[in-house]
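Hi,

Here is the structure I promised to pass on. Have a look at it first, and then read my notes below.

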Amino acid sequence: MFVMELTYIAPLDRVEAAHPEHLAWLDAHYASGVFIASGRKEPRDGGVILAVGEDRAKIEEIARSDPFSVAGVCEYEITEFYATKTAPALEQYRQPKPNRQ
């Protein structure tokens, strides 16, 4: 699982200009099953997306395709983690502990 944290690097008027395309992009990734939650941060200086997948490179590619990224209004920080414990409603996303090497 991945936490995709985006931080705005441009004024909000530029962010707002790209917002409709960003929402369509979010919808497409919800439909594909990659995104499971998202929302803006408070204060409004970016947002957070929870994504599922096994390939970090694919998640990074998805982040680069975000209209916010394309418009140059945000930067992403991506954190991979193992969801070894979840609320019952998220049970399908639980992952075994990784083997420590």
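A word on labels before anything else: helices (H or I, at least four residues) and strands (E, at least two) are DSSP runs, numbered from the N terminus. Also keep in mind that this is a predicted model.

With those labels, Pro-43 sits in the loop between S2 and S3. The peptide bond leading into Pro-43 from Glu-42 is cis, with omega near 5°. For context, most peptide bonds are trans.

Now the sheet. It is an open one made of four strands, in the order S2-S3-S1-S4, and the pairing is antiparallel. S2 and S4 are at the edges with a single partner strand each, so one side of each has no neighbour in the sheet. On average, neighbouring strands are turned by 15° against each other, direction ignored. S1 and S3 pair in the antiparallel sense over six bridges, and Met-4 stands opposite Ile-49 in S3.

Two helices pack on this sheet. H1 touches S1, S2, S3 and S4, and its direction makes about 165° with that of S2. H2 also touches S1, S2, S3 and S4, with its direction at about 160° to that of S4.

I spent some time on H2, which covers residues 56-65. Which of its residues are buried? They are Ile-59, Ile-62 and Ala-63. These lie on the same side of H2, because they cover an arc of only 100° around the axis. That fits the general rule: an α-helix has 3.6 residues a turn, so residues three or four places apart point the same way. The buried residues of H2 pack against strands S1, S2, S3 and S4, and against helices H1 and H3. At the start of H2, a side-chain oxygen of Asp-55 comes to within 3.0 Å of the backbone nitrogen of Ala-57.

What does Ile-62 touch, leaving out residues up to four places away in sequence? The list is Met-4, Trp-25, His-29, Val-34 and Phe-35.

Finally, the core. The largest nonpolar core has 20 residues. Those with the most contacts inside it are Met-4, Phe-35, Ile-49, Ala-51, Ile-59, Ile-62 and Phe-68. The elements giving two or more residues to this core are S1, H1, S3, H2 and S4. In soluble globular proteins, nonpolar side chains tend to be buried together. If you want one place to begin in the viewer, try Ile-62, one of the residues with the most contacts inside that core.

Cheers

How values were computed
Residues numbered from 1 in each chain as written. Predicted model: local features only at pLDDT ≥ 70, side-chain atom pairs only at ≥ 80, totals over all residues. Heavy atoms only, no water. Buried < 20%, exposed > 50% of the residue type's maximum accessible area, 1.4 Å probe, protein only. Arc of directions from axis to C-beta. Contact = heavy atoms within 4.5 Å. Polar contact = N/O pair within 3.5 Å; in protein donor to acceptor, adjacent residues only side chain to side chain. Core = buried A, V, L, I, M, F, W, Y, C linked by side-chain atoms within 4.5 Å. Pairing = 2+ DSSP bridges. Axes fitted to C-alpha atoms, helices over the stretch in contact; angles between N-to-C directions.
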